[in-house]
Amino acid sequence: MKTEFLVIDDLAAQAHDIARAADVIRRGGLVVFPTETVYGLGADATSEAAAKAIYAAKGRPSDNPLIIHVATPADAERYAITNDTYYKLAAQFMPGPLTVILPKKDTVPLAVTGGLDTVAIRCPAHPVAQALIKAAGVGIAAPSANRSGRPSPTLAAHAREDLDGRVDMILDGGAAEVGLESTIVALDGDVGTLLRPGAVTYDALCCVCREVRVAEAVADKLAEDARPLSPGMKYRHYAPRASLTLLDGEKEDVTRFLVQAASDPHVGILCYDEEIPLFGKGARLFPIGAAEDLGAQAHRFFAVLREVDAHPEITALYAHLPPKDGLGLALFNRSIRAAAHTIKKV
Ligand code: TXA
Ligand code: MG
């Protein structure tokens with residue numbers, strides 16, 4: 001199929017383009033659209049055929065459920081059995097980078113939920129996503145718009161790399177601001193279980209839920225035979241072609257290790273911005289932001305992994321192990337998955 005690529009930089013003047021994209025969704029087609037976390041690969045959330053088309057385009061196993069994107073928190077009523085805690089979370093964090101897992105209603109085909117009786121609901125903040133969902137008049141089921149196993153796309157160009165010729169349309173709404181996928185919390189009454197950390201932090205969830213548990217897979221390696229609470233956790237994700245090792249130790253010790261490792265021409269380094277001057281001239285550096293600026297690191301993380309993949313000579317990659325608090329937990333979670341849990345103490 002031929003993929004239409006559209007830059008949306010003036011929503012008010014481009015209502016016609018959004019209406020066309022919404023029409024593609026209503027007719028069962030696939031539209032890549034920007035959100036504030038990462039780009040999504042969207043289709044009609046009430047259509048079994050559309051869900052199957054998403055899995056086919058992504059090359060994704062169909063037991064990995066999709067998130068339904070809605071325009072307002074109350075639109076969740078069409079697809080899920082909500083509760084008070086959902087609305088309290090919505091009041092604090094929606095629209096925004098939070099996904100809530102709730103019992104599903106029959107309007108949602110099992111093909112969307114990977115056979116589960118629960119459904120993931122998210123209300124994205126990006127104005128293009130908002131406009132598209134409203135114009136479609138239906139929830140939009142969307143995984144991240146990458147081919148399965150590739151880093152999530154934070155630019156429309158990333159989605160194009162992976163999905164050109166496999167989707168009807170790609171809407172370019174600029175760089176995704178957060179850069180890491182939404183926080184996922186499963187609700188059981190007023191008790192939450194954090195399934196995937198994101199920009200809405202564990203502490204922020206604790207301010208609303210009576211209790212927040214953390215799924216084991218968030219910060220640890222799951223046993224081979226364990227059944228993860230979120231099916232997506234079992235897949236090897238975001239893996240760059242070069243094998244990534246995370247370095248755990250005092251910052252100065254890690255820096256010293258990185259500077260030495262960089263003398264090998266097959267080694268790439270994900271360094272902090274302020275470390276750049278410490279390296280020799282030929283070092284293959286991929287700066288990810290200042291050490292204290294976790295927001296910048298989150299914003300750059302997936303784009304940097306894609307940049308590394310463009311250098312076939314790099315076979316080994318080293319990076320700092322992120323902290324586990326605040327937004328650090330989201331970076332930690334994506335990093336250990338990209339590294340297939342390879343952590344080295346220095
Ligand atoms: O930021 C995001 O959430 C992005 C943008 C596009 O909204 N979407 C995204 O979708 O990251 P995806 O499909 O790449 O990740 C969704 C995750 C998967 O790990 C899946 O297993 C989990 O959500 N999930 C979906 N429905 C679930 C359910 N009913 N129970 C448990 N986990 C679920
Ligand atoms: Mg994904």
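A residue counts as buried when its relative accessible area is under 20%, as exposed when that figure is over 50%, and as partly exposed in between. With that yardstick in hand, take Tyr86: its relative accessible area is 0%, so Tyr86 is buried. Tyr87, right beside it in the numbering, comes out at 31% and is therefore partly exposed. Everything here comes from a predicted model, and the values are computed from it.

These two tyrosines also make a pair. The structure holds three aromatic pairs. In the one formed by Tyr86 and Tyr87, the ring centres are 5.0 Å apart and the planes meet at 80°; edge-to-face needs an angle over 60 degrees, so that is the label this pair gets. Another ring has a charged partner: Arg160 lies over the face of Phe5, at 3.8 Å from the ring centre.

Now for the overall layout. The domain assignment splits the protein chain into domain 1 (4-218) and domain 2 (243-345). The C-alpha centres of the two domains lie 29 Å apart. Where they touch, domain 1 puts in 25 residues and domain 2 puts in 16 residues.

What about the inside? The largest nonpolar core has 103 residues, and Leu89 and Leu171 are the ones with the most contacts inside it. Helix α8 (residues 294-309) is the top contributor to this core, giving seven residues. The core isn't confined to one domain, either: at least three residues come from each of domain 1 and domain 2. To get a feel for how Leu171 is surrounded, leave aside its neighbours within four places in sequence and look at what is left: its contacts include Leu6, Ile8, Ile18, Val31, Phe33, Tyr39, Val128 and Ala156. There is also a second, separate core, made of twelve residues, with Val254, Leu258, Ala262 and Ala316 among them.

Charged side chains get their own story. A search of the whole structure finds 18 salt bridges. One of them joins Glu36 to Arg122, with the closest N and O atoms 3.2 Å apart. Glu36 sits in the loop between β2 (31-33) and β3 (40-44), while Arg122 belongs to strand β6 (residues 118-122), so this bridge ties together parts that are 86 residues apart in sequence. Both Glu36 and Arg122 are buried.

A second bridge brings Arg150 and Glu161 together, at 3.1 Å from N to O. Arg150 is in the loop between β7 (140-142) and α5 (156-163), Glu161 is in helix α5 itself, and eleven residues separate them along the chain. Unlike the buried Glu36, Glu161 has a relative accessible area of 52%, so Glu161 counts as exposed. This bridge doesn't stand alone: Arg150, Glu161, Asp162, Arg306 and Asp309 are linked in a network of salt bridges.

A third bridge runs between Glu274 and Lys251, where the closest N and O atoms are 3.8 Å apart. Glu274 lies in the loop between β13 (267-270) and β14 (284-285), and Lys251 lies in helix α7 (residues 251-261), so the pair connects parts 23 residues apart in sequence. Why is neither residue called buried or exposed? The relative accessible area of Glu274 is 39%, which falls between the two cut-offs, so Glu274 is partly exposed. Lys251, at 37%, is partly exposed because its value lands in that range too.

Two loop residues round off the picture. Glu177 is in the loop between β8 (169-172) and β9 (183-188). Its relative accessible area is 63%, so Glu177 is exposed. Not counting residues up to four places away in sequence, Glu177 touches Glu36 and His299; Glu36 is the residue already met in the bridge to Arg122. The C-alpha atoms of Glu177 and Gly295 are separated by 9.2 Å, though the two residues are 118 residues apart along the chain.

Thr113 is found in the loop between β5 (98-103) and β6. Is this loop residue buried or exposed? Its relative accessibility is 1%, so Thr113 counts as buried. Once neighbours within four places in sequence are left aside, Thr113 is in contact with Pro65, Lys104, Val108, Thr118 and Val119.

Methods:
Residues numbered from 1 in each chain as written. Chains lettered and ligands numbered in written order. Predicted model: local features only at pLDDT ≥ 70, side-chain atom pairs only at ≥ 80, totals over all residues. Heavy atoms only, no water. Helix = DSSP H or I, 4+ residues; strand = E, 2+ residues; numbered from the N terminus. Buried < 20%, exposed > 50% of the residue type's maximum accessible area, 1.4 Å probe, protein only. Contact = heavy atoms within 4.5 Å. Salt bridge = Lys/Arg side-chain N within 4 Å of Asp/Glu carboxyl O. Core = buried A, V, L, I, M, F, W, Y, C linked by side-chain atoms within 4.5 Å. Domains from an automatic or database assignment. Phe/Tyr/Trp six-rings, centres within 6.5 Å; stacked < 30°, edge-to-face > 60°. Lys NZ or Arg CZ within 6 Å of the ring centre and 35° of its normal.
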